[in-house]
Amino acid sequence: MLQTLVAALPQVVAKAAEPLSAIDELTVISTDGASPLSRQVTDDGTQGMELRCSTTGVDLAELLNGLARSRGGESAAPDPAPGDGKIESA
């Protein structure tokens, strides 16, 4: 029975991981070492921005950057990672 389970394990893992292939974007913000209040404020702000963007299709950070550029100012937020949105490791 153990041999059958081990043989079927790759298929089980593949099926369990299948929903992850539908994830288009994932944002991780670390609050290690932050106070509980700072951590909560950061979490709420991040979730609110992502929820607003996913429900309305309006990216507030991009909107503010466009407004700043149109006025000749600096970008309101740093430019996103190049190309595919992945952060390159050093």
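Is L67 buried, partly exposed or exposed, and what is its relative accessibility? I opened my notebook with that one.

**Entry: the model.** I am working with a predicted model, so I keep that in mind throughout.

**Entry: L67.** I looked up its relative accessibility and found 41%. Buried would need under 20% and exposed over 50%, so L67 counts as partly exposed. I then checked where L67 sits, and its place is in helix α3.

**Entry: the patch.** Next I looked at the surface around this residue. L67 belongs to a nonpolar patch there, together with M49, V58, L60, L63 and L64. The accessible area of these residues together is about 480 Å². I wondered which element gives the most to the patch. Helix α3, residues 60-70, does so, with four residues.

**Entry: the whole chain.** I stepped back to see the overall layout. The protein chain has three helices and zero strands, and from the N terminus on I read its elements as α-α-α. Of its 90 residues, 4% count as buried. I noted an accessible surface of about 8000 Å² for the chain, with 61% of that belonging to carbon and sulfur atoms.

**Entry: helix α2.** I tried a little length check here, on residues 36-56. With 21 residues at 1.5 Å a residue, helix α2 should span 30 Å. Its end C-alpha atoms are 30 Å apart, so the two values agree.

**Entry: just past α2.** I followed the chain onward and met G57, which comes after α2. The phi of G57 is positive, near 80 degrees.

Key:
Residues numbered from 1 in each chain as written. Predicted model: local features only at pLDDT ≥ 70, side-chain atom pairs only at ≥ 80, totals over all residues. Heavy atoms only, no water. Patch = residues over 30% accessible without salt bridge, like charges linked within 9 Å, V, L, I, M, F, W, Y side chains within 5 Å. Areas by Shrake-Rupley, 256 points an atom, 1.4 Å probe, with all protein chains shown as cover. Salt bridge = Lys/Arg side-chain N within 4 Å of Asp/Glu carboxyl O. Helix = DSSP H or I, 4+ residues; strand = E, 2+ residues; numbered from the N terminus. Buried < 20%, exposed > 50% of the residue type's maximum accessible area, 1.4 Å probe, protein only. Expected span 1.5 Å × (residues − 1).
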